[in-house]
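Thanks for making the time this morning. I would like to walk you through one model, so please have the sequence and the structure open in front of you while I talk.

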Amino acid sequence: LPALRDRGVRVVDTGRTQYFFLDLQNGHLSVKERVDREEVCAAAAKCVLNFEILVTHPMKLYRGEVEILDINDNSPSFPERNSVLEISEYTAPGTRFPLEKAQDPDIGVNSLQHYECSESPYFTLDVRNADDNVKHPELILVKSLDREQQAVHNLILTATDSGSPVKSGSTIIQIIVLDGNDNAPEFTQSVYKVTVREDVAVGSRVLQVTATDRDEGPNAEVKYSFFKIPEKFDKTFKLYPESGEIEITEKLNFEEQDFYELDVQARDAGGLSSHSKVLIKVADVNNHVPEIVITSVFSPVPEDTPLGTVIAIFNVKDRDSGANGEVRCSIAENLPFRLERSFDNYYSVVTAEELDREEVAEYNVTVRAADGGSPALRSSAVLALRVLDVNDNAPVFAEARYSARLPENNAAGALRQSLVKATDGDEGINAEITYSFSDIANSARQLFTLDSRTGDVKVTGPLDYEEGKYYQATVEGKDGGGLSGHAKVHIDILDVNDNAP
């Protein structure tokens, strides 16, 4: 376990909420705080939290997931503790009246399972399973009402789940019996369906509902309204009471809400009403640019890095769905790197060719991402990579053989001449050259010295043509990394008339 810290193990920060941390002392993955499944995953059937662990020595990315299991910690609840339902005394037995659904944020057996209603000789409760597996309670009138006998009926509707222990919630339904008007409005359709693009302009009218009433006069005047829809839906749509047209009042967002179910009520002037459902499906539009998130960059990169070494890891995100959210990544083909896809939308940049700092010392690798929309949306990010020098270049002398001519009888130290010069393609200490004689006769060693830093040759003793007409030596140039180069030096001594007959 101590090796975890040495290998640079950490949980990757991807920009979203991190619920877990890795204890490098014992290797345990722990939660930072209590996780509320309903807050994290809402009504999703399976709640899974993903995490990524990065090992930097050697660099590798691992993926893990933790499933959050539901417990029965929420009771079914109704939006209102009391509700009023007005029904005409002429309403025919068998007429159905949709009731407010209870909400239970738990899932499975812990969610809403059963409805029960207090006994009444006039009403019975029926629960329908919709296509989305949501239970819809409805009151069915089983006996004709008589306002003169009983003007108000009070029922208690109870919703229970199947958790352990069982939890429940109740609401009181007050039914007021209306007198007179014996024909309720009738919708032309029991369900209205429409599909709209998420980029539809605010103010657009997307649907019109229509109901007719067989009565005459005020009892046939129908007005439309939403029937107890969620507040956030009420801000998104407007229903014109006179025409039944539905208008969009705020911008749609497929990624936040891709389906709306609205209950519409048609009510005449006499108080009779009927209901219909409006199902609005939102079609995704390619309106999110791919996002590139750089997870880790290994820079500088030694120029002797082996092929296939990972030098950067990044992932891409696109909030659109389907082809609009499918992202393809690429880099320029003329670079010594290639992309490898690891899992999901994670990519690694690896070396594809040998690097040479002396040819290219820095790379700006542009990563490009494009989604599958039409037209495609694109984004890019730049990885700045610096190539680290390796001592792979020996010093090189400008000439293989250097020559010089010096007159005899020079005073010691009187002559200083820059004779040899070498260059090194590396940088830093790998390019610092030290000069020395590697092959020189003792007679010449007493007359000349070589400056180890500059390569300057200095005369240290008197020169005498009659004793030596020329001198030869080998000069070695060695860099800070231990590589060396060599050159020959030949010095001719010029005669001066310093001897009498």
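The second largest pocket lies between domain 2 (82-178) and domain 3 (186-283), because both of these domains give residues to its lining. Please keep in mind, here and throughout, that we are looking at a predicted model. The space in this pocket comes to about 200 Å³, and 17 residues line it, of which V84, L85, E86, F227 and K228 are the closest to its centre.

Which strand gives the most to that lining? It is β6, with four residues, although β6 (82-88), β12 (168-178), β20 (259-268) and β21 (273-283) each supply at least two. If we sort the lining of the second largest pocket by class, we count eight nonpolar residues, five polar ones and four charged ones.

Let me step back to the layout of the chain. The domain assignment divides the protein into domain 1 (5-67), domain 2 (82-178), domain 3 (186-283), domain 4 (291-388) and domain 5 (396-494). Taken over C-alpha atoms, the centres of domain 1 and domain 3 are separated by 44 Å.

Now to the sheets, where I have picked two. One is an open sheet of three strands, which are arranged in the order β7-β10-β9 and pair in the antiparallel sense. Its edge strands are β7 (96-98) and β9 (123-129), each of them pairing on one side only, and from one strand to the next the twist averages 35°. Between β7 and strand β10 (residues 135-141), which run antiparallel, there are three bridges, and if you would like a place to look in the viewer, find P98, which stands opposite E138 in β10.

The other is an open sheet formed by four strands in the order β23-β29-β28-β25, and here the pairing is mixed. Why is one side of β23 and of β25 left without a neighbour in the sheet? Both β23 (301-302) and β25 (327-330) stand at the edges and have a single partner strand each, so one side of each stays without a neighbour there. For β25 we can follow the pairing with strand β28 (residues 362-371), which is antiparallel and extends over four bridges; within that pairing, V327 has D371 in β28 as its bridge partner.

To close, I would ask you to return to the second largest pocket, between domain 2 and domain 3, and to look once more at V84, L85, E86, F227 and K228, the lining residues closest to its centre.

Conventions
Residues numbered from 1 in each chain as written. Predicted model: local features only at pLDDT ≥ 70, side-chain atom pairs only at ≥ 80, totals over all residues. Heavy atoms only, no water. Pairing = 2+ DSSP bridges. Axes fitted to C-alpha atoms, helices over the stretch in contact; angles between N-to-C directions. Domains from an automatic or database assignment. 1 Å grid on protein atoms, 1.4 Å probe; cavity = no way out; pocket = protein on both sides within 12 Å on 5 of 7 lines; lining within 4 Å. Points joined across faces, edges and corners; volume = space filled by probe spheres on them. Nonpolar A, V, L, I, M, F, W, Y, C, P; charged D, E, K, R; others polar.
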